[in-house]
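Here is a short briefing on one protein model. Look over the sequence and the fold, then read the points below.

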Amino acid sequence: MKSILLQRSAAKTGVNRGVLAALGLTAFFLAGNPVNAASPDLQNSTPRGGQRGTEVKVTLTGSRLTDMDQVVFHKPGITAKDVKAIDSRKVEATFVISKDCELGEHQMRLLGKSGFSYARTFWVGQFQEVTEVEPNDDFDKPQVISLNTTVNGSAKPEEIDYYRVSAKKGQRISVEMEALRINNLRNQVAMDPYIAILNKDRFELAVSDDSALIKQESVASVIAPEDGEYTIEVRDASYQGRGYYRAHISTTPRPLGVYPAGGKAGSEVEFTFLGDPTGRYKAKSKLPGVTDSHYVFGANSNQIPASGNMVRVSPFDNVLEQEPNDSYKDKMPEAKLLPLAFNGILEKEGDLDYFKFSAKKGQRFRFRSYANRLGTPVDTVINIYDAKIKSLGGNDDADGSKDSRVDFNAPADGEYFLRVTDMLGRGGEDFVYRVESEPFEPTIEVTMPEMLRRDNQYRKQFNIPQDGFYAMNVNVKRSNLSGDLVFDVPKLPKGVSWEAGTIPKNLSQFPILLKAAPDAPVGGGLYDLLVKTTDPKNQVVGKYQQDIHFVRGNPNGTSYYASSNDRFPVAVTEKAPFRITIDQPKVPIVRNGTMKLKVRAHRDEGYDKKIVVRMLWRPPGISCPSTMTFSEKATEVEYELNANSSAQIAEWDICVLAESDAGQGMIMSSSPFVKLKVEEPFVSMKMNMTTLKQGESSEIICSLENLREFPGQGDVQIFGLPAKTTSKILKADNGTKELRFPVVAADDSPVGQHKNLFCTLVFMQNGEPVQQRIGMGGVIRVDRKPTEVAKAAPPKSGAKPAPKPAAAKPAKPLSRLEQLRLEAKKNAQ
C-alpha cells in the first residue's frame, strides 16, 4: 500500500471553507455529506488516530450503519473489538493497536449485514495522545503539553491554536502535521495547515506551510537556543479551516531527505538522512523483497521520526554519483551494463550530474526519475547522450508528475551518458534524485474504472446479496505484451463463486461476475484479483491495485491525497427484496442490427419500489441506453441493443446491474450472465436514388444480395421518408434480388433532397425476431408539383382570326442536367 500526496495550492483555490462553520465542526461531520448510491455510508471517525501499543475508543459516523458489527483493516497492526452500532448514524468500537504497528495511515471499512462501506483512514503515531482543550487561541494562554505528544485538534475559521512546551538548550523541537490527509469532505479541502515554532518573545524560529517532503502538510524542526518555553502555533493557511488535525510535537529527528533514494529489493542499505537541524546522520535499513515504494525510518539517538522517508525498491543495482561529475569530460567509474539505478544529489545551484553506462545495440530501456514523488524538491530534467554527446532523448515532466521519463533504444554497442539537472537550476542538501533504467518487460496493470466522476470508490464494494449476483468492469493495461488474458480469484468468502470469460487481446475492459449461494454466510473480507496471460509457458500475472483519492478540492475536484490498496472488498449481504434476470436470446444480433432484450424483475411480495438497471459492459460495437427503469410494481422492461457495422463477431457474456432505493439506501444486485451472439449480416442492399413530384407517385428500386441464408420470408420496411410520403412493407426471401417500393407523395410533401433512408429486414428464427438495417444512405428528391397554365380567352365577334403560327421545329430533348437547371430556375422565380 502506498500513499501519494500531490502538490497543489489548496489555500489559493478559492475554497469557501467558512461555509457551515456555524453548525460546529462535530455537528457537521455527524451530519455526513451527500452520498451517491453507497450503502452503508462511513464518513468519519473520532479520534482520527491513536498511539501504537494502546487501545483507543473510537466513534465512527455516517449513515445507514444500523447493522454494522465489524471494522476491517487493510493491513495488519490494528484490530477492533466491542463494535456496536448505537443508531443508524453512529458506531462505537475499541481499536487495539499493536506495539509494532506501522506508523501512519491505515485504511479501514465498516462491515455488516448490508455489506462493506467505503474505505476511510485511521492514523497511528508513536507518542502519547492528548485532545485539544479550548480556549487555546491566545498566545499568552496556550494549552500546555509535554514534548513527544500528539495533539488531536480541530481548526475553525479565523482561529489560531497555541500549544506550549518546555525545552532545554540544544534540544530538538520537531512539529509535523497530519491535517489535509485525514479529513473527509466531499470534493473539499478541510484544512491546509500552517505551523510556526515561536520563542517566549513570539519571534518565529521556524515556520512551514507546504513542504517538499509531505506536500500540503507542514513540517518544521529547530534546535532550542536556550532553556525555556516555546510555543507552537497551528492554524489553517488561509484562516478558513474546518477540519481535524493531528500535530506531532516531539524531540525526534526530522530528516527532509534520504540518500540514496532507494535500493535493491531484499538488500540492506546504509542511508544518509539529510536536513535534520542536528546535521546528517546514517542508519541502515533492510528493504523488502518486492518492487514498490517503501518508508524508511532513520533512527538517531534511539529516536525515529514521526513519519518515514519514502524510497524506491527495485531489482537494480545502485550506482552512486562520484564527484566531480559536472561534465561528461570528468573522470568517472567504469561504465556498467544496464539495467541500473543512478542516485545523486544536486547540492548547489546549477549543478549537473553525469553518469556513464554501457548498452548493447538494440537494447531498450525506459529511464524514469524518482524525486518529486518521493518527497524531494527536485524537478528533474534527464537527457541521454552517446559517446560523442549526440542527444538521444530528454524529458522534463511525465506521468502527471514533475518526474521525468525517457525511452532509450541503444543504436550501437558502446558507452553512453545520463545527465540529470533541476528544471530551474536549483540545488540544495536535500535535492536527492534517483533514475532507474527499466527493461521493457511484459506487465499487466489491473484496476477498476471510475463509475462516478470524482468518486473512484463508487460501486467498487462487491456487496453480493444471498442467492444473488454482483458484477463490475475491470480495466487491464498490457505493456510489452499482447494476447488474450484470463481472470483468477484465488480465494473468496464461503459460498461465493466467480465467472468471467476470456479477455480478448484487443480489449482493455471486461466484466467479472460474482455469485453468492442462497446459504452463503453473511460476512466478507479483502481478496486478491489477478489477471494472467493464457500461455502457461510464458505467463505474466498482474495484480489488482487501485488508487483511492481520499481528498479532492478545487479546481474541478483535483486530487490532493491518494492512497492505493491491492485487495478488493467482497461481502455476502442479506437477501435482496428483488432479483433481476435477462431472458437468454435465442437469436443473434447482426452487424447493423438491433435486438430487444427482455429484462425481468422478480420482486418479493410487497416490494414495489422503482428499479433502475444499466448495461454494465457492452461488447465492442454494441450501443444501448445508459439506463432503463422499472416503474413501481413493473416486472418487465425491454432493453434495446444496437450493433454497428463493425461490431466484433463473437459470443459475449452480458449482464445488467440493478439498483433500488428501499428507503435505507441503495440496494444493488446484478443479473446473471446471458450469452449474446454477434454475427455477420444476412443481406446487403443498395438503394437507388429516386425523384418524384408533389402529388405524384414513383418507385424506389433496391438491389439485394443474399449474404447467408435465413429462414422463410422477412418483412422489409423503408424508413426515413419525408413527411407526408408513404410506402408499404414488402416481402423478401433468400432468392429476392430486387425490391420496388411504391412511394406516394402528398400535394404538400416537403420539397428537397432527403437523405439517410434505410430499410429494415425482420424475420423470425427460433420464435424470436432478427432485425437488420440494410440499404443505409438512400436518397429521395421531392420536386414541386407542376403549375397549371391559364386558358386563352375566346376571340371577339367579327375579329380577324390570328394567323396560325409557323410550325415549330421539334425541340431537342433536354438532358437530365438541363432539366434540373431549368426546374431550379423556375423554382427560384
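Contact here means heavy atoms within 4.5 Å. The model is predicted. The points cover nonpolar cores, one loop residue, one open sheet and the cysteines.

**Nonpolar cores**

- The largest nonpolar core holds 96 residues. Leu529, Phe568 and Ile580 touch the most other members.
- Strand E39 (residues 469-479) gives this core its largest share, 6 residues.
- Another core lies apart from it and has 24 residues. Ile145, Ala206, Ala220 and Ile232 are among them.
- What does Leu529 touch, not counting residues up to four places away in sequence? The list includes Val446, Met448, Val474, Phe487 and Val489. Ile512, Tyr544 and Phe568 are also among the residues touched. So are Asp488, Gly542 and Lys543.

**Asn199 in its loop**

- Asn199 sits in the loop between strand E16 (193-198) and strand E17 (204-208).
- Is Asn199 buried or exposed? Its relative accessibility is 16%, so Asn199 counts as buried, the cut-off being under 20%.
- The Asn199 side chain reaches the backbone nitrogen of Asp201 at 2.9 Å.
- Leaving aside neighbours within four places in sequence, Asn199 is in contact with Phe139, Leu205, Glu229 and Tyr230.

**An open sheet**

- Strands of a sheet pair through backbone hydrogen bonds, either parallel or antiparallel.
- One open sheet has 4 strands in the order E60-E62-E66-E64. The pairing is antiparallel.
- Which strands stand at the edges? They are E60 (683-687) and E64 (725-726). Each has a single partner strand, so one side of each is left without a neighbour in the sheet.
- E60 and strand E62 (residues 697-706) run antiparallel and are joined by 5 bridges.
- Met687 stands opposite Cys702 in E62.

**Cysteines**

- A disulfide is a covalent bond between the sulfur atoms of two cysteines.
- How many disulfides does a search of the whole structure find? The search finds 0.
- Why is Cys655 not bonded to Cys624? The Cys624 sulfur is the closest cysteine sulfur to that of Cys655, but at 11 Å it is too far for a bond. The cut-off for a disulfide is 2.5 Å.
- Cys655 is buried, with a relative accessible area of 4%.
- Cys101 is also buried, with a relative accessible area of 1%.

Note on methods: Residues are numbered from 1 along each chain as its sequence is written. This is a predicted model: local features need pLDDT of at least 70, side-chain atom pairs count only at pLDDT 80 or more; totals for chains, interfaces and linings use all residues. Side-chain values use heavy atoms; hydrogens and water are left out. Buried means under 20% relative accessible area, exposed over 50%, partly exposed in between (1.4 Å probe, protein chains only). Helices (H or I, at least four residues) and strands (E, at least two) are DSSP runs, numbered from the N terminus. A polar contact is a pair of N or O atoms within 3.5 Å; within protein, one must be able to donate a hydrogen and the other to accept it, and residues adjacent in sequence count only if both atoms are side-chain atoms. Two strands pair if DSSP finds at least two bridges between them. A nonpolar core is a set of buried Ala, Val, Leu, Ile, Met, Phe, Trp, Tyr and Cys residues joined through side-chain atoms within 4.5 Å.
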